[in-house]
Amino acid sequence: MLDILLERFNYIPIIILMMTGLYVVFATGNLVKRLVGLSLFQTSVFLLYITLAKVFGGQPPIIADAHGDDHGAAAAGHGAAEAVLYSNPLPHVLILTAIVVGVATLAVGLALVVRIREAYGSIEDEALNAADYSRDTGAAG
Amino acid sequence: MTDLTQYLDYALIGMLLAVAFAIVRLRNLFAVVMLMGVYSLLCAAWFVSLDAVDVAFTEAAVGAGISTVLLLAAMLLTAREAEPSKPQRHWAALAVVVAAGAALLYAVPDMPVYGDAESVANAYVGRDYLEQTPHDIAVPNIVTAVLSSYRGFDTLGETVVIFTAGLGVILLLGFGGRKREPKGKPAAKAAPAARAPKAGKPAKPVKEEGAS
Amino acid sequence: MSPHLILRVVSKLLIPIIVVFGFYVQFHGDFGPGGGFQAGVIVAVGVILYALIFGMEEARRAVPPAAVRYLMAAGVLLFAGVGVATLLMNGAGEPVNFLDYDALHPDQSHHTGQHYGILLIELGVLFTVSSVMLAIFYAFAGRIPDLPDEDW
């Protein structure tokens, strides 16, 4: 059992990091800090994917000799399958776009928080709940 | 496994954990946002160590650059300090997190072995891309080849998502061309402020005002 | 104005280098790490740095919000347009898929069509990503009143 975990030691700190982000999301009422927690969680998920793609002794997935147009196909014929190891490019592609999409959606969330602040005067969720459910402002909310 | 870079990895993991716990503990939002930038930069450093140079590049530019600027801007517009939450809320959050983390840890033995070239995650489609790209596309950077050619439709979708997110922010906040009038007349300010973000049209006169 | 003299001088030196580096990342993305997403972010960061140091008004004069708005849409249209073009350019009489760049150029042995296609769609990604990042920044920064000096 310990062997199995030691071979996969990378997942354990990443799970702790993911859960730290989740904890921030649940435990704080401040909406900005909650979004920070969400992106902490998100970045840790990126780490999970990229460690999946790691190959020991591998290179970054950039093939040196596929460069020329003339001999690209010829070089690839005997070059690609040789002993050079590369890390798996597929998770890299998925995460690369996810990072940029992540910041765009973070911006939407922050824009919502800014609008909430303008409408309610607070970004603490308990204050927001109180404003929504209290009898005085019930009609407005 | 025997190379020295594993100690670099351990050091980075340690720093990541320290920064994450500091984010949990702190209530000053400026410090939290700055630590989030540090976290992204540490992640980028680990990505380089994991041979994911493209991802590291993106994470360093986006996570440590743009998202820090955005979070700072949002912090300036809202609050500087997070209020402490009730203790029972911490315990509830801790219970949820421990349960979810235990479930994830239970799944760890089924995950592929770290760094194994023959694991299920690495052996099939990823290796096919590595072998086929020189024949099909002849671009040295496999990540670019997969991103823009093999999975071009996927990337089109991502681009549309980014476009839509930008559109959403503009609809929520306006284009920023609007001058903040003196705060003496809140009623007069509230009406255009409420209207401008909803429809795209009121942005027109705003733009000319910004250009002049 | 004057308290940030060092910031102004340093950023005046840095901003052109940042933008040139962004374009290097864009057009060298086939051969090294990089591509449209990274380049778009870097170019946007150059403009954001300019706005932070010299003020929003200057930045809006340099990169007008109207241009940002058009570029946002133009990037997506360029990307999707390449897909439509591959559908229409059915040169060899074979059925072609959406975003199948081989149709863009008859030279199959050197993959010229693939290179054209990747160049064009990365350009579309560059336009969309950089202008969306700028639009988001303009939207947030347009709400913030000018910072008093003690907040620096």
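What follows is a conversation between a biologist and a modeller about the contacts, salt bridges and cavities of this predicted model.

Modeller: Because the model is predicted, local features need pLDDT of at least 70 and side-chain atom pairs count only at pLDDT 80 or more, while totals for chains, interfaces and linings use all residues. Residues are numbered from 1 along each chain as its sequence is written, chains are lettered from A and ligands numbered from 1 in the order in which they are written, and side-chain values use heavy atoms, with hydrogens and water left out.

Biologist: What makes Lys86(B) and Glu126(A) a salt bridge?

Modeller: A salt bridge needs a side-chain nitrogen of Lys or Arg within 4 Å of a carboxyl oxygen of Asp or Glu. The side chains of Lys86(B) and Glu126(A) meet at 3.8 Å, N to O, and therefore the pair satisfies the rule. Across the interface of chain A and chain B the rule finds four salt bridges, and over all chains the count comes to eleven.

Biologist: Why is the pair Glu118(A) and Arg115(A) called a salt bridge?

Modeller: The closest N and O atoms of Glu118(A) and Arg115(A) are 3.4 Å apart, so this pair also meets the 4 Å cut-off. Both residues lie in helix α5 of chain A, three residues apart, which is about one turn of the helix; a helix here is a DSSP run (H or I, at least four residues), numbered from the N terminus.

Biologist: How do you know which residues of chain A and chain B are in contact?

Modeller: Contact means heavy atoms within 4.5 Å, and by that test the contact takes 89 residues from chain A and 87 residues from chain B. The area buried between chain A and chain B is about 8200 Å², of which carbon and sulfur atoms give 77%; buried area is the accessible area (1.4 Å probe) that two parts lose on being put together, summed over both. The count of residue pairs in polar contact between these chains is 24, both residues being at pLDDT 80 or more, where a polar contact is a pair of N or O atoms within 3.5 Å and, within protein, one must be able to donate a hydrogen and the other to accept it, residues adjacent in sequence counting only if both atoms are side-chain atoms. On the side of chain A that touches chain B, α5(A) gives the most, with 25 residues.

Biologist: How many salt bridges and polar contacts are there between chain C and chain B?

Modeller: The count of salt bridges between chain C and chain B is zero, although the rule finds twelve residue pairs in polar contact across that interface. The largest share of the side of chain C that touches chain B, 16 residues, comes from α5(C). Chain C and chain B bury about 4500 Å² between them, 74% of it on carbon and sulfur atoms. Phe37(C), Phe140(C) and Arg143(C) supply 15% of the area that chain C buries against chain B, more than any other three residues.

Biologist: What makes an empty space a cavity, and how many are there?

Modeller: On a 1 Å grid over the protein atoms alone, a cavity is a set of points where a 1.4 Å probe fits but cannot get out, and lining residues have an atom within 4 Å of a point. By this rule the count comes to four cavities of 30 Å³ or more. The largest cavity has a volume of about 130 Å³, a volume being the space filled by probe spheres set on the points, which are joined across faces, edges and corners. Of the 14 residues that line the largest cavity, the closest to its centre are Ser39(A), Gln42(A), Thr43(A), Gly63(B) and Ser67(B).

Conventions
Helix = DSSP H or I, 4+ residues; strand = E, 2+ residues; numbered from the N terminus. 1 Å grid on protein atoms, 1.4 Å probe; cavity = no way out; pocket = protein on both sides within 12 Å on 5 of 7 lines; lining within 4 Å.
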